[in-house]
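Hello,

Here is the structure I promised to pass on to you. Have a look at it first, and then read on for my notes.

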Amino acid sequence: MPSAKLCDLHTHSLASDGTETPSEVVRLAARAGLAAVALTDHDTFDGIDEALDAGRRQGIRVVPGAELSLPHDGGSFHMLALGVDPRNAAIRAVAGRLKDARGPRNRAMVAKLAALGIDVTLEEIEEEAGGADGVVARPHMARVLVRKGVVRNFQSAFDLYLGRGGAAYVERERVGFDDCVAATRDAGGVTVLCHPFTLGFDVPGSAASRQRFESWLTQLAGRGLDAVEARYGSYTAKQERYFSAAAERAGLLPSGGSDFHGTIKPSVKVGSGRGRMRVPLAWLEALIERASSRPAARP
Ligand SMILES: [Zn+2]
Ligand SMILES: [Zn+2]
């Protein structure tokens, strides 16, 4: 049993693409000896009530949250809304719009491809993405097009068909970073940039890519981002050092979580990730302190 009080601020349940019920996630957190756990399903608060109930029964603090998927050119841009009131209308509206945005767009793009004589089904794309419940997006379409020999490589799939200006391109409804920050603040929470290595910046990498990433991060801090995942279930020691330092340089608080998904990512455990992750409870307290110390976004 660890001596310092620990928490896990990033987990998924059956309410999105995890394999365990919200109660089971909370039970695993309690069994791991954690003082608190955040349930952060993708674009939904559906599991929160069950998790809060389980938390009361198990004597562990449950922090309501969601992982919001934002539009970004280089890769996946995921941001946690943490410590929010899940009944807040603004945050519910943002999560709902993000959740609904992908389905119609994917269908419209498949229809455009069909009109061009390219035979690709939504089911094939969902299969490429590991099922319809998770995030199904253009990179999965691109991989299907490459596999079927429609295009030579991933890049030409975007150049010819899927990118802005491509023959099958459809604009996605944009719920931007600023909308998510405003809604999260309205709901009394904080925003946390997730697993920044998925953004396409190639960091730690070269000095040039680090500089590009950190100036982007500083810009987000200026627009209201609160924290970065300085610890993460699958970080290497090198990534942990780099993202902790980068967060501090950008004036952001550290956050951390396993990104537990249950049996689809069996090597990642609640509370410890792949084994080395430890997230101090003091980090959660600092995040809550930041949320409560600022005036409400709207009078
Ligand atoms: Zn994510
Ligand atoms: Zn996640």
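A disulfide is counted when two cysteine sulfur atoms lie within 2.5 Å of each other. This is a predicted model, and by that rule the count in it comes to zero disulfides. Why does Cys7 have no bond to the closest cysteine sulfur? That sulfur belongs to Cys194 and is 14 Å from the sulfur of Cys7, so the two are too far apart for a bond. Cys180 has Cys194 as its closest cysteine too, and because 11 Å separates the sulfurs, this pair is also too far apart for a bond. Cys7 is buried, with a relative accessible area of 0%, and Cys180 is likewise buried at 0%.

Now to the metals. The zinc ion (ligand 1) is held by three residues: Glu67 through OE, His78 through ND1 and His195 through NE2, at 2.0 to 2.2 Å. Along the chain, these donors follow the spacing E-x10-H-x116-H. The two histidines bring together distant parts of the chain, being 117 residues apart. His78 sits in strand S4 (residues 77-82), while His195 is in the loop between strand S5 (190-193) and helix H8 (207-222). Both His78 and His195 are buried. Glu67 has a further role as a bridge between the zinc ion (ligand 1) and the zinc ion (ligand 2), which lie 3.5 Å apart.

Finally, the overall layout. The domain assignment splits the protein chain into domain 1 (6-88 + 187-293) and domain 2 (99-162). Taken over C-alpha atoms, the centres of domain 1 and domain 2 are 29 Å apart.

Enjoy exploring it!

Best wishes

Definitions and conventions. Residues are numbered from 1 along each chain as its sequence is written. Chains are lettered from A and ligands numbered from 1 in the order in which they are written. This is a predicted model: local features need pLDDT of at least 70, side-chain atom pairs count only at pLDDT 80 or more; totals for chains, interfaces and linings use all residues. Side-chain values use heavy atoms; hydrogens and water are left out. Donors are N, O and S atoms within 2.8 Å of the metal (3.2 Å for Na, K and Ca); water is not among the atoms, so sites may look incomplete. Helices (H or I, at least four residues) and strands (E, at least two) are DSSP runs, numbered from the N terminus. Buried means under 20% relative accessible area, exposed over 50%, partly exposed in between (1.4 Å probe, protein chains only). Domain bounds come from an automatic or database domain assignment.
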